[in-house]
Amino acid sequence: MKVTVLGAGNMGGGYGRLWAAAGHEVLFSYALDPSNLAAAAATAGPRASYDEDPQRAVTGANVVVLCVPWQQVDDVLTRTGDLSGKVVAEAISPLLTDMSGLAVGFDTSGAEQLAAKIPDARVVMALQNTFADVVNAPRRELGGQTPTMFFCGDDPAAKTTVSALITDAGYEPVDAGPLTVARYLEPLCYFTVNLAYTQGLGSHIGLKLLRS
Amino acid sequence: MHIALIGTGNIGGTLARHLSRAGHTLILASGRPATAMALAEELGSDATAAVPAQAAVAGDAVVLAVPGAALDGLLDELGEALDGRVVVDATNPYGVDRGLPQGQWLQQRLPTSRVVRAFNTLYWTTLRDAAFRVGPDRLAMVLSGDREDARAKASTLIDSVGFAAVDLGPMSGVWRQEPDGPLYTVEMTEPLLRQHIPSPQRGAA
C-alpha cells in the first residue's frame, strides 16, 4: 500500500521503516526540520521517500498516518488540506505539553476531537500503546511474545487497512470497537507510559491480550 | 473465455479493456448503444456490441457493471434471460437500500442463476491502473457466491487480468465486501489481505 507518514520523529520514522521493510511504499512528510524527512527516508530504505509538501504527500495515499505531537494537530491538518475519504490512522497521545498527563477527559478523546476536525476522513486510532524504543528495536517481541496493539474506529474498511499495517509493523492487532473507545485506550496508553517512566519499568515493555 | 459485459462506464469500460487484453472474447452491451459499439470497435475483432438481452444469454458468464440505480431496471428488462447463467455482479447499490447485502439480494432475485459478487470492491482508477501486475505485487480482489463452479469462473477472470483472486466463500459472508463492509475499497496484496479477512458471521471476533 501507499502509506504517507506525517511526522518523521522516532515514532513516524520507526514505523515508516517497518512498513517499507514489509513492502509498502512509504512517503514521509511534515517536519519542522526538512532534513529529518530525508534522514527518515534514508533510514527506511529504497521503498521510502519524502516530500516537503504535506498536501501533495497525502494525495494518492491509501492511508495517512499522523505521528505528530498532540499540540501539532491543528497545524498538520491545515498543511495537509483536504483528507475527505482518506483512511487516517492517528498515533497521537493527547498529552499535556509537559507530558504529565492526558489533555482530554473521559467523556471525549483526542481521537474524537481530531476526527471532528476532519469529519469526512475515516479515522482510526492506533499505534499509540507502544514505545518508540520498541518500534525501533530489531524485533517487536518482548520476552518472546508479540505485543498487542489495540485500535478503534468507525469505518470497517479503514480498520482493515490499519490492522494490516499493525501486523506489518510486527504487532498483534485487536479491534477494540468504535472511535469512542479511544476514551479508554488513550488512558491505557498513558498508563503504560507511567509504568515505564514513573514506575521505572523502562520502555521495553508492552501489553498482551490473553484469551482462552 | 467468452464474456458478456453489460455496462460500459468506468467499471465496465475498464473491465472490457482488461478482459480484451487478457484474450477473452467479449459481447458488450450498454444503456447507451453507441458507447458499446464504439468500445467494440476500439477493442477489435474479438469484441462485438449487442443489446443487453442478447448479451445476457451469451458467453460463459455475464458481468453486470451498470450503475447501481440502473440495476433494477436492467433486471426487469432482462426477465428470464439470466436464468441458469453465471452472473458476475460488479455493481454497487449506491443510494439504494435493499435491506440485505446486495450479493444475497441478487441471488434471491435470480434464484436459478449462479451469482458471484466480484470486481465491486476497488475504485475504478485502481482497477484501471493496478491490473496486470506480476507476482507478489498483485492486488487482492475478493469474491463471494454460493456456487463453487461460478466462483471458480470468477477467480479465473480475476487472475486473467492480473489481480489475485481471494475467494471468500458463500454469499452469507458477502457483507464483508459490500459498501460499508470491512473489505470494501481495501487495496493490499493477497498474503496481507488473507491475514485480515473477518469471520463471515457478523459480530464474531
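**Figure 1. L209(A), at 31% relative accessibility, is partly exposed.** Partly exposed lies between buried, under 20% relative accessible area, and exposed, over 50%, using a 1.4 Å probe and protein chains only. The model shown here and in the other views is predicted: local features need pLDDT of at least 70, side-chain atom pairs count only at pLDDT 80 or more, and totals for chains, interfaces and linings use all residues. Side-chain values use heavy atoms, leaving out hydrogens and water, while residues are numbered from 1 along each chain as its sequence is written, and chains are lettered from A and ligands numbered from 1 in the order in which they are written. L209(A) sits in the segment after α8 of chain A. Helices (H or I, at least four residues) and strands (E, at least two) are DSSP runs, numbered from the N terminus. What does L209(A) contact, leaving aside its neighbours within four places in sequence? Its partners are T148(A), F150(A) and V174(A), where contact means heavy atoms within 4.5 Å. P173(A) is 36 residues from L209(A) in sequence, with their C-alpha atoms 10.0 Å apart.

**Figure 2. An open sheet of 8 strands in chain A has mixed pairing.** Follow the strands in the order β3-β2-β1-β4-β5-β6-β7-β8. At the edges are β3 (48-50) and β8 (172-175) of chain A, each pairing on one side only. From one strand to the next, the twist averages 25 degrees; axes are lines fitted to C-alpha atoms, for helices over the stretch in contact, and angles run from 0 to 180 degrees between N-to-C directions. Two strands count as paired if DSSP finds at least two bridges between them. Strands β4 (residues 63-66) and β5 (residues 87-90) of chain A run parallel and are joined by 4 bridges. Look here for L66(A), whose bridge partner in β5(A) is E90(A). Helix α7 (residues 156-168) of chain A packs on the sheet and touches β1 (2-6), β4, β5, β6 (122-125), β7 (148-153) and β8 of chain A. The direction of α7(A) makes about 160 degrees with that of β7(A). Helix α8 (residues 182-198) of chain A also packs on the sheet, touching β5, β6 and β7 of chain A, at about 150 degrees to the direction of β7(A).

**Figure 3. Strand β7(A) is covered on both faces.** Of its 6 residues, 6 are buried, so β7(A) is largely enclosed by the rest of the structure. Which buried residues lie on each side of β7(A)? T148(A), F150(A) and C152(A) are on one side, with M149(A), F151(A) and G153(A) on the other. In a regular strand the side chains alternate between the two faces of the sheet. With β6(A), the pairing of β7(A) is antiparallel, over 2 bridges, and M125(A) stands opposite C152(A). With β8(A), the pairing is parallel, over 4 bridges, and F151(A) stands opposite D175(A). The chain passes from β7(A) through α7(A) to β8(A) in a right-handed β-α-β crossover: with the strands pointing away from the viewer, the path from the first strand over the helix to the second runs clockwise.

**Figure 4. Helix α4 (residues 73-80) of chain A has four buried residues to find: V73(A), V76(A), L77(A) and T80(A).** Seen down the axis of α4(A), they fall within an arc of 100 degrees, so they line one face of the helix; the arc is that of the directions from the helix axis to the C-beta atoms. These buried residues pack against β1, α3 (54-58), β4 and α5 (110-117) of chain A. After α4(A) comes G81(A), with a positive phi near 75 degrees.

**Figure 5. Cysteines C67(A) and C189(A) are both buried, at 12% and 3% relative accessible area.** A disulfide here is a pair of cysteine sulfur atoms within 2.5 Å, and by this rule the count is 0 over all chains. Why does C67(A) lack a bond to C189(A)? The sulfur of C189(A) is the closest cysteine sulfur to that of C67(A), but at 13 Å it is too far for a bond. C189(A) is in no disulfide, and its nearest cysteine sulfur, in C152(A), is 9.3 Å away.

**Figure 6. Chain B also holds an open sheet of 8 strands with mixed pairing.** Its order is β3-β2-β1-β4-β5-β6-β7-β8, with β3 (47-49) and β8 (164-167) of chain B as edge strands. Neighbouring strands of this sheet are turned by 25 degrees against each other on average, direction ignored. Strands β6 (residues 114-118) and β7 (residues 140-145) of chain B pair in the antiparallel sense over 3 bridges, and R117(B) has S144(B) as its bridge partner in β7(B). Helix α5 (residues 102-109) of chain B packs on the sheet, touching β4 (61-64), β5 (86-89) and β6 of chain B, and its direction makes about 160 degrees with that of β6(B).
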